[in-house]
Amino acid sequence: MLVETTTLDGVLVFTPTPHHDDRGLFTRTFDTEIARAHGLDPDAFTQDSQSRSRQGVLRGMHGRSGRGEAKLVRCARGAVHDVLVDARPDSPTFGRHEAFLLDDESFRHLYVPPGLLHGFQALSDWADVCYRIDRPHDPAEDVAVRYDDPDLAIAWPAEVSLVSARDAAAGSWAALLAAS
């Protein structure tokens with residue numbers, strides 16, 4: 001499994017090596033020893049979740065207040081344009097964002113450290129995104145910034161077909177900074 005750093009401090013990309021044969025393929029999507037070798041505690045992950053989205057749907061930009069949450073994110077079906085924004089005031093990459101293609105062919109997945117905002121847009125007819133999270137969800141700690149906030153200037157690859165009412169009502173990047 002190839003593990004790469006990104007332009008955002010602490011974010012890792014894991015790319016497994018699938019084995020293809022006449023039946024199809026087999027790949028390892030998580031390995032505790034590789035995670036440990038790259039500074040992650042595999043035992044810290046306490047919850048697995050999955051979302052399914054139609055093409056054009058955008059989910060995000062979501063984060064957690066307090067201790068934040070770490071997560072591993074991968075696309076198990078289809079493809080998504082995945083974006084992370086560094087919202088950690090003490091981080092050397094604070095305020096920057098980076099985009100990643102996650103799909104069911106490369107099997108790439110992201111390690112997202114606490115304090116980052118996360119969102120994605122479904123590129124395929126259907127996209128299933130799987131999350132391995134290190135804390136139980138507490139809705140009181142949810143934070144969100146609008147996906148089209150002009151201060152972030154995130155370039156989404158396609159027209160946004162649908163966002164949730166919560167995401168449509170999300171605050172601005174400036175409001176998040178003022179609250180912290």
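**Close-up 1. Strand 10 and its paired strands in the predicted model.** In this predicted model, strand 2, which covers residues 12-15, pairs with strand 10 in the antiparallel sense over 3 bridges. Strand 7, made of residues 71-77, also pairs with strand 10 in the antiparallel sense, here over 4 bridges. His109 of strand 10 can be followed in both pairings, since His109 is the bridge partner of Phe14 and also the bridge partner of Arg74.

**Close-up 2. The two faces of strand 10.** In a regular strand the side chains alternate between the two faces of the sheet. Strand 10, residues 109-112, has His109 and Tyr111 on one side and Leu110 and Val112 on the other, and all four of these residues are buried, with both faces of the strand covered. If neighbours within four places in sequence are left aside, the residues in contact with Leu110 include Leu12 and Val13, Leu72 and Val73, and also Leu84, Phe100 and Leu102.

**Close-up 3. The nonpolar cores.** The largest nonpolar core has 18 residues, and those with the most contacts inside it are Val80, Leu84, Phe100, Leu102 and Leu110. At least two residues of this core come from each of strand 7, strand 8 (79-86), strand 9 (97-103), strand 10, strand 11 (116-122) and strand 12 (126-133), and strand 12 gives the most, with 4 residues. A second, separate core has 12 residues, among them Met61, Val83, Ile154 and Trp156.

**Close-up 4. A salt-bridge network around Glu141.** Side chains of opposite charge can pair when their charged atoms come close. Arg64 forms a salt bridge with Glu141, in which the closest N and O atoms are 2.8 Å apart. Because Arg64 lies in strand 6 (residues 58-64) and Glu141 in the loop between strand 12 and strand 13 (142-144), this pair ties together parts that are 77 residues apart in sequence. Glu141 also forms a salt bridge with Arg135, where the closest N and O atoms are 2.7 Å apart. Glu141 is buried, with a relative accessible area of 16%, and Arg135 likewise counts as buried, at 9% relative accessibility. These three residues belong to a network of salt bridges that links Arg64, Glu69, Lys71, Arg135 and Glu141.

**Close-up 5. The salt bridge between Asp21 and Arg23.** The closest N and O atoms of Asp21 and Arg23 are 2.5 Å apart in this salt bridge. Asp21 counts as partly exposed at 29% relative accessibility, whereas Arg23 is exposed, with a relative accessible area of 76%.

Note on methods:
Residues are numbered from 1 along each chain as its sequence is written. This is a predicted model: local features need pLDDT of at least 70, side-chain atom pairs count only at pLDDT 80 or more; totals for chains, interfaces and linings use all residues. Side-chain values use heavy atoms; hydrogens and water are left out. Buried means under 20% relative accessible area, exposed over 50%, partly exposed in between (1.4 Å probe, protein chains only). Two strands pair if DSSP finds at least two bridges between them. A nonpolar core is a set of buried Ala, Val, Leu, Ile, Met, Phe, Trp, Tyr and Cys residues joined through side-chain atoms within 4.5 Å. Contact means heavy atoms within 4.5 Å. A salt bridge is a side-chain nitrogen of Lys or Arg within 4 Å of a carboxyl oxygen of Asp or Glu.
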